[in-house]
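Colleague: I am new to reading models of this kind, and I would like a close look at a single part. Could you take me slowly through the strands and what packs on them?

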Amino acid sequence: MDPRLIAGAAVLATAVAGVSLAPVNAASAPAPGAKSTWTEADKTGFGAARSRGSNVWFTLQGGRVSEVFYPDLSTPSVRTLELVVVGDGFVDRPTAAAAVTRPDPRSLRFRQSGNRHPDRYRLTQEVVTDPRHDSLVVRARLESLDGGSYRLYALYDPALGNDGMDDHGTTRRHFLAAHDGNVSTALRSRPAFTQTATGLLGTGSDPWRDLRQDGDLDRVDQPAGPGNVVQVGRVGGTARPAAPLQARLALGFGKRPQGAAEASGSTATTSWSAVSARYDRGWHRYLAGLKDVPASADAVRDQYLASALVLAAAEDKVHRGAFIASPSAPWVWGDEVKDLSSPSGAYHLVWSRDAYQFGTALWAIGDRAAARRMVGWLFGTQQKKDGSFPQNSDVSGKPVWSELQLDEVALPIVLAHLVGKRDAATWRGVRKAARFLVSFRDEDTGRRAPYSPQERWENQSGYSPNSIAAQIAGLVSAADLARVKRHPRLARQWLAVADRWQSRVKRWTVTRNGPLSAAPYFLRLTKDGRPNRGTTYEMGDGGPKKIDQRRVVDPSFLDLVRLGILSPDDPAVRNSLAVVDARLKVDTPLGPFWHRFTRDGYGETRSGGQWVITDPGAHKTLGRGWPILTGERGEYAVAAGEDAAQYLATMAVASGPSDMLAEQVWDQRSPSGRACCPAGEGTRSATPLVWSHAQLVRLAWSIQSGHPVDQPAVVADRYVR
């Protein structure tokens with residue numbers, strides 16, 4: 001899976017910087033009508049109330065509130081809400097040095113603390129949503145440390161309904177109101193705002209431009225829009241020595257302005273202690289309904305709990321059973337989709353492959369109802385009429401990307417079998433999916449399944465051992481359900497196909513004359529099902545224009561073991577591990593990680609710059625280490641009867657101070673090791689990646705159980721036991 005969006009650097013240039021009071025240079029100011037952009041992907045927090053009475057999810061990034069989602073998890077409606085500190089001679093957006101933690105390891109409540117002038121003031125924030133209303137709540141405490149007096153402002157950038165270029169904003173009775181016809185917000189403060197201003201980013205009405213010029217709001221407050229609306233409000237009161245300024249911001253949402261005003265008003269009149277206690281209590285109750293933390297995770301308890309909470313929070317509340325990949329808009333796709341004039345796709349979409357990872361983890365931790373809801377949504381909402389599944393969709397099931405990946409057709413079947421969904425609707429969906437697999441023929445090449453138009457990394461077609469493993473497991477699982485439903489002919493047909501593919505998977509994907517080892521080893525994939533041929537293909541992501549398929553390996557073949565299709569002691573498996581370790585393994589101070597595949601270019605540049613689309617052969621960007629691959633290696637170790645504790649520990653320690661796990665971590669290549677980029681810690685990639693969190697808890701339970709917990713017994717019994 002590749003991240004999908006990039007935040008525009010030009011508009012974000014001042015997002016983490018303090019501003020000295022000086023006249024604004026008009027020549028360097030943003031152009032009028034500056035495009036709205038999403039913030040960076042490396043979120044330091046993700047939360048929502050557990051209750052269904054609040055359809056608001058928030059993210060944190062760089063010490064501020066970043067994207068906020070409403071009314072569902074495919075619809076970001078806020079770009080940022082941050083606090084600005086004004087003192088004698090400076091205007092600070094004190095986000096760069098913010099430290100983010102979770103005060104309660106059993107909740108997704110976050111605390112942010114930081115400043116740009118550590119000897120002058122301290123700003124601390126806590127963030128939750130109101131379980132009873134569609135509202136976000138920020139509690140702030142501003143302390144004077146040097147005897148000075150300091151003022152506090154709220155800087156709010158709405159991007160309503162997944163589009164930041166058509167918003168309207170105004171002030172109504174001491175609160176800031178914004179709407180775009182489909183979504184409305186109302187931002188209140190306690191103490192109340194004493195000054196407010198609304199304008200359009202980069203124009204003469206821009207209130208942030210006004211504030212940073214001299215530390216005051218000088219313009220007459222007037223409505224603004226349609227366009228990229230920005231709003232500023234001064235919080236009543238001043239922070240003085242021995243007299244901190246304490247404030248609460250309540251950002252309410254609604255389909256109409258009145259609904260948003262009512263939501264924020266109800267939240268604003270409720271004490272912080274009441275709102276935060278309800279928020280924490282919801283998550284405490286959720287965890288109490290799960291299995292106890294396994295002994296295997298005793299040493300990583302906080303990270304285990306955070307992973308369970310992130311998994312649960314990733315479920316949409318309007319379309320239950322739909323779980324998104326990540327609440328971030330990652331740092332990619334170059335100039336193709338930078339701004340909000342086009343609705344974002346990013347990772348707040350549903351991939352059925354990711355859903356399988358989440359569902360198996362939820363089943364393992366004891367949230368069996370959620371795993372079953374997921375199966376119901378996959379077959380009842382996302383599945384297409386022909387039995388296939390879209391590459392991805394929004395939470396309503398509407399397809400977004402158009403490619404076909406056969407593992408995404410098969411894995412919902414495996415998940416349905418695992419959770420015991422045997423109702424009529426599930427059977428109809430399983431039957432359609434299995435029929436699609438056995439009858440599939442690629443339109444471009446004429447090749448039949450298990451050849452897939454795309455494999456799990458979504459940038460190559462061919463015979464992938466990973467995709468073939470999923471398809472075999474899917475057909476065997478479907479056959480088992482067919483027997484239960486008294487369709488023995490279908491069961492025999494599907495098993496015959498699965499057996500044929502199992503007997504040929506090495507013939508399609510294991511080379512015996514490749515240059516990386518004298519012994520047979522698995523390739524990432526073959527284009528033609530002939531692994532001893534030096535067939536070449538273009539790598540993509542800026543990789544080589546042409547590369548011999550025998551030179552490209554990845555660790556995804558391990559799914560053949562985890563799903564029960566090959567023994568962990570299979571000679572080709574064992575030798576492939578050695579080949580992969582020699583070429584893809586990365587040892588860091590935190591432990592081992594693996595790259596996705598040979599010459600992967602999906603990651604930052606050598607200077608740490610963002611990923612951009614580059615021409616074939618450019619080699620400008622580098623794929624980094626992936627925590628999920630550490631987890632998958634751990635699951636192999638469990639299957640092989642080895643000690644997998646080190647892999648679980650490595651995943652946990654990579655999660656950072658707020659326990660959020662990234663998609664990728666810095667490896668040993670530049671700029672890894674610099675202050676910006678400690679080896680083994682998360683890169684600028686999608687954070688939290690829900691798959692990473694699912695992998696952590698599933699590995700913990702596999703260690704505890706002594707076998708991969710998602711391995712279908714019917715598959716393993718047929719092929720390896």
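Modeller: What follows is a walk through an open sheet, the helices on it, and then a neighbouring topic, the pairing around another strand. Please keep in mind throughout that this is a predicted model.

Let us begin with the order of the strands. The sheet is open and has 9 strands, which pair in the antiparallel sense and follow the order 7-8-9-10-18-14-13-12-16. At its edges are strand 7, covering residues 99-101, and strand 16, covering residues 224-227, and each of these two pairs on one side only. On average, and with direction ignored, neighbouring strands of this sheet are turned by 15 degrees against each other. As general background, the strands of a sheet pair through backbone hydrogen bonds, either parallel or antiparallel.

Starting from the edge at strand 7, we find 3 bridges that join this strand to strand 8 (residues 110-114), and the two run antiparallel. One pair to look for in the picture is V100 with its bridge partner in strand 8, Q112.

Further along the order we come to strand 14 (184-190), which is mostly covered, since 6 of its 7 residues are buried. Strand 14 has strand 13 as one partner, and these two run antiparallel and are joined by 4 bridges. Within that pairing, L176 has L187 in strand 14 as its bridge partner. Strand 13 and strand 14 also form a hairpin, with 4 residues between them, and in the turn G181 has a positive phi of about 95 degrees. Strand 14 pairs with strand 18 as well, in the antiparallel sense and over 7 bridges, and here T185 stands opposite F253 in strand 18.

Now we can add the helices that lie on this sheet. Helix 3, residues 257-268, packs on the sheet and touches strand 10 (135-144), strand 13 (175-179), strand 14 and strand 18 (245-254). The direction of helix 3 makes about 150 degrees with that of strand 18. Helix 4, residues 272-288, lies across strand 9 (121-129), strand 10 and strand 18, and runs at about 55 degrees to strand 9.

From strand 10 we can follow the chain into the loop between strand 10 and strand 11 (151-158), which is where D146 has its place. With a relative accessibility of 40%, D146 counts as partly exposed. Leaving aside residues up to four places away in sequence, D146 touches D119 and R120. Its C-alpha atom is separated by 17 Å from that of T124, although D146 and T124 are 22 residues apart along the chain.

Beyond that loop, L155 lies in strand 11, and L155 is buried, with a relative accessible area of 6%. If we again leave out residues up to four places away in sequence, the residues that L155 touches include T80, L81, E82 and V84, and also W208 and V230. The C-alpha atoms of L155 and V84 are 6.8 Å apart in space, while the two residues are 71 apart in sequence.

That brings us to strand 5, residues 76-87, where 12 of the 12 residues are buried, so strand 5 is largely enclosed by the rest of the structure. Strand 5 and strand 11 run antiparallel and are joined by 8 bridges, and in this pairing the bridge partner of V84 is Y153 in strand 11. Strand 5 is also joined by 3 bridges to strand 4 (residues 64-69), again running antiparallel, and V65 has L81 in strand 5 as its bridge partner. Strand 4 and strand 5 form a hairpin with 6 residues between them.

On the way out of strand 5, the chain makes another hairpin, this one formed by strand 5 and strand 6 with 2 residues between them. In that turn, G89 has a positive phi of about 90 degrees. Strand 6, residues 90-92, pairs with strand 5 in the antiparallel sense over 3 bridges, and the bridge partner of V85 in strand 6 is D92.

How values were computed
Residues are numbered from 1 along each chain as its sequence is written. This is a predicted model: local features need pLDDT of at least 70, side-chain atom pairs count only at pLDDT 80 or more; totals for chains, interfaces and linings use all residues. Side-chain values use heavy atoms; hydrogens and water are left out. Two strands pair if DSSP finds at least two bridges between them. Axes are lines fitted to C-alpha atoms, for helices over the stretch in contact, and angles run from 0 to 180 degrees between N-to-C directions. Contact means heavy atoms within 4.5 Å. Buried means under 20% relative accessible area, exposed over 50%, partly exposed in between (1.4 Å probe, protein chains only).
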